[in-house]
Amino acid sequence: MNRVSGYLECDGTIVRIASLEDIKDFLIRCGKSTNEMSEGELELLTEQKPDRGNLVRDDCDIAYSQNPKVLQWGVPIMSYKVEESTIAIADNAFALNSYSNSSHYCLTSILLPESIVAIGHSAFVSTRNLTRINLSSALILIGNMAFYDCNKLKDVVLPETTKYLGTRSFGRTGITTITIPYKVEKIGSFAFANCSQLKTVVFEGVPKDIGSEVFGGDTALEKITIPQGTMDYFIKTLFPLPKDLFVEKNPSLG
């Protein structure tokens, strides 16, 4: 059995979770879909399995757990297409410490299926030749440091389903512009910090929880577009960014 540890709550009932299969059964009993999963439930999905013997490997030797299907361990590879029906990329899946210091530079592009709902913490940290990644239209959570130090990653489009952006999730990347979708509820501290080429940011909505120094060290930043009537909120939550960076979007302009 694939072991995890935690608790889930549905309509006042708290259930002890000991496996990924428990999560799936729990969601079925509660009539929930993956789109309704909480941040904690999504993080349980990305928890990496220590027992490699129970994993299924594809013809590239990349390992998956089953039911639900999660990519657990990557290997040195230049480009890769993640298998269909995979719902998450596990913590540290393609991280530097997964293989040798020299080989982590080889990953340049990865294609994700539309079934992916979560990317775990440090999943692609320091994959410094990664220039291209498509993010699933079902994606909800991007974990802490998921793409940290991917300094050649310039084009990132966050899907409308995104709700949670982890601490340093895109720190030290090469992005030049980023749009924060309307449904985003939480942005971790330093999420886009030290992105030396980041010039423009657009907030489509108003996240409930914004950490410290989200854009800290972004010396090229020129404009942050925010919803009409939210100037005071963003000046406070994105302190100490200067007020003149913020521009309220005129609703009549769409």
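**Strand pairing, nonpolar cores and aromatic contacts in a predicted model**

In this predicted model, residue T86 is placed in the loop that runs between β6 (79-81) and β7. T86 counts as buried, its relative accessibility being 0%. Leaving out residues up to four places away in sequence, T86 touches Y64, K69, V70, L71, P113, S115 and I116. Two of these residues, K69 and Y64, also face one another: the charged end of K69 sits over the ring of Y64, 5.3 Å from the ring centre. A further arrangement of this kind involves R168, which lies over the face of F190 at 4.3 Å from the centre of the ring.

The protein as a whole contains three helices and 18 strands. Of its 254 residues, 51% count as buried. The exposed area is about 11900 Å², of which carbon and sulfur atoms supply 50%. Among contacts with a separation of 6 or more, 33% are made by residues 24 or more positions apart.

Nine of the strands form an open sheet with mixed pairing, in the order β3-β4-β5-β7-β9-β11-β12-β14-β16. Strands β3 (56-57) and β16 (209-210) each have a single partner strand and stand at the edges, so one side of each is left without a neighbour in the sheet. Within this sheet, β12 (residues 164-165) and β14 (residues 186-187) are paired in the parallel sense through two bridges, and L165 has I187 of β14 as its bridge partner.

Strand β15 (residues 200-203) pairs with two other strands. With β13 (residues 177-180) the pairing is parallel and extends over four bridges; here V201 of β15 is the bridge partner of I178. With β17 (residues 223-226), β15 also runs parallel, and three bridges join the two; in this case V201 is partnered by I224 of β17. The side chains of β15 alternate along the strand: V201 and F203 point to one face and are buried, whereas T200 and V202 point to the other face and are not buried.

The largest nonpolar core comprises 53 residues, among which I119, F124, F147 and F192 touch the most other members. The elements contributing two or more residues to this core are β13, β15, β17 and α3 (231-237). A second core, separate from the first, has 13 residues, including I87, A90, A118 and A138. The surroundings of F124 can be described in detail: apart from neighbours within four places in sequence, F124 is in contact with I89, F94, L107, I110, I119, L130, I133, A146, F147 and C150.

Aromatic side chains were examined next. A search of the whole structure finds eight aromatic pairs. One of them is the stacked pair of F94 and F124, with 5.3 Å from centre to centre and 5 degrees between the planes. F94 belongs to the loop between β7 and β8, and F124 to the loop between β9 (118-119) and β10 (132-133), so this pair ties together parts that are 30 residues apart in sequence. Both F94 and F124 are buried. The pair formed by F203 and F215 is edge-to-face, with 6.4 Å from centre to centre and 90 degrees between the planes. F203 is in strand β15 and F215 in the loop between β16 and β17, 12 residues apart, and the pair links these distant parts of the chain. F203 is buried, with a relative accessible area of 4%, and F215 likewise counts as buried, at 3% relative accessibility. These four residues belong to one aromatic cluster formed by F94, F124, F147, F170, F192, F203, F215, Y233 and F234.

Several backbone features are located in loops. The peptide bond from N67 to P68 is cis, with omega near 0 degrees, and P68 is placed in the loop between β4 (63-65) and β5 (70-73). Another cis peptide bond joins F239 to P240, with omega about 10 degrees; P240 lies in the loop between α3 and β18 (246-248). Positive phi values in residues other than glycine occur at N92, where phi is near 65 degrees, and at D149, where phi is near 70 degrees. N92 lies in the loop between β7 (88-89) and β8 (109-111) and, at 19% relative accessibility, counts as buried, the cut-off being under 20%. D149 is found in the loop between β11 (141-142) and β12 and also counts as buried, at 4% relative accessibility.

Methods:
Residues numbered from 1 in each chain as written. Predicted model: local features only at pLDDT ≥ 70, side-chain atom pairs only at ≥ 80, totals over all residues. Heavy atoms only, no water. Buried < 20%, exposed > 50% of the residue type's maximum accessible area, 1.4 Å probe, protein only. Pairing = 2+ DSSP bridges. Core = buried A, V, L, I, M, F, W, Y, C linked by side-chain atoms within 4.5 Å. Contact = heavy atoms within 4.5 Å. Areas by Shrake-Rupley, 256 points an atom, 1.4 Å probe, with all protein chains shown as cover. Phe/Tyr/Trp six-rings, centres within 6.5 Å; stacked < 30°, edge-to-face > 60°. Lys NZ or Arg CZ within 6 Å of the ring centre and 35° of its normal.
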